[in-house]
Amino acid sequence: MKVKNLKWGPSGPRPLPKGYKSWLDYWIKNYGGVATGCANKDCENKAAVGGHVMPPDGKRSNHWFIIPLCEGCNSPSNRHEFEVAQRHLVGISNQLS
Ligand SMILES: [Zn+2]
């Protein structure tokens, strides 16, 4: 599915939940796997961070996800939509505070 970057500060749209070292750590523990490559299907780099993404219309749907990305794909200058595997998306609960 197509997603695009959420534009936020380093901690993301919500504070990092307790018990996690980083958003990449959050993704690994909730996905139950190891982050290897950048989730962008057109990118060959290694995953460096847990990036915040949303569907292209996500501002209305409020469905936000964490997915492993390289620094380049997570950069605020990357404004393009990109294709990722839906199974790699880990949702951010709306209940997090
Ligand atoms: Zn990438």
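## What "buried" means here

Let's start with one word we'll need a lot: a residue counts as buried if 20 or more other C-beta atoms lie within 10 Å of its own. With that in hand, look at strand β2: five of its six residues are buried, so by this definition β2 is mostly covered.

Keep in mind that this is a predicted model. Of the 97 residues of the protein, 28% count as buried.

## The overall layout

The protein has three helices and five strands. Starting at the N terminus, you'll meet them in the order β-α-β-α-β-α-β-β.

How far apart in sequence are the residues that touch? Take the contacts between residues at least 6 apart in sequence: 63% of them join residues at least 24 apart.

## The sheet

Strands of a sheet pair through backbone hydrogen bonds, either parallel or antiparallel. In this model, five strands make an open sheet with antiparallel pairing, and their order is β4-β1-β2-β3-β5. The edges are β4 (82-83) and β5 (90-91), each of which pairs on one side only.

Now zoom in on β2 and its partners. On one side, β1 (residues 2-5) pairs with β2 (residues 49-54) in the antiparallel sense over two bridges. You can find Lys 4 opposite Met 54 of β2, and Asn 5 opposite Val 53 of β2. Strand β3 (residues 65-69) also pairs with β2, again antiparallel, over five bridges. Which residue of β3 is the bridge partner of His 52? That's Ile 66.

## Helix α1 and its covered side

Next up is helix α1 (residues 23-31), where Trp 23, Trp 27 and Ile 28 are buried. Why do these three sit on the same side of α1? Because they cover an arc of only 145° around the axis. As for what lies over the buried residues of α1, the cover includes β2, β3 and β5.

Just after α1 comes Gly 32, which has a positive phi, near 80°.

## The nonpolar core

In soluble globular proteins, nonpolar side chains tend to be buried together. Here, the largest nonpolar core has 20 residues, and those that touch the most other members are Trp 27, Cys 38, Phe 65, Ile 66, Ile 67 and Leu 69. Three elements, α1, β2 and β3, give two or more residues to this core. The largest share, four residues, comes from β3.

Trp 27 is a nice one to click on. Setting aside its neighbours within four places in sequence, Trp 27 is in contact with Ala 35, Gly 50, Ile 66, Ile 67, Pro 68 and Val 90. Ile 66, one of those contacts, is also the β3 residue that bridges to His 52.

## A tryptophan in a loop

Finally, have a look at Trp 64, which lies in the loop between α2 (58-61) and β3. Is Trp 64 buried or exposed? Trp 64 has 21 other C-beta atoms within 10 Å, and since the cut-off is 20 or more, it counts as buried.

Val 90 turns up here too: 26 residues separate Trp 64 and Val 90 along the chain, yet their C-alpha atoms are 8.5 Å apart.

Notes: Residues are numbered from 1 along each chain as its sequence is written. This is a predicted model: local features need pLDDT of at least 70, side-chain atom pairs count only at pLDDT 80 or more; totals for chains, interfaces and linings use all residues. Two strands pair if DSSP finds at least two bridges between them. A residue is buried if 20 or more other C-beta atoms lie within 10 Å of its own, exposed if 12 or fewer, and partly exposed in between; C-beta atoms are placed from the backbone. The arc is that of the directions from the helix axis to the C-beta atoms. Two residues are in contact if their C-beta atoms, placed from the backbone, lie within 7 Å. A nonpolar core is a set of buried Ala, Val, Leu, Ile, Met, Phe, Trp, Tyr and Cys residues joined through C-beta atoms within 7 Å.
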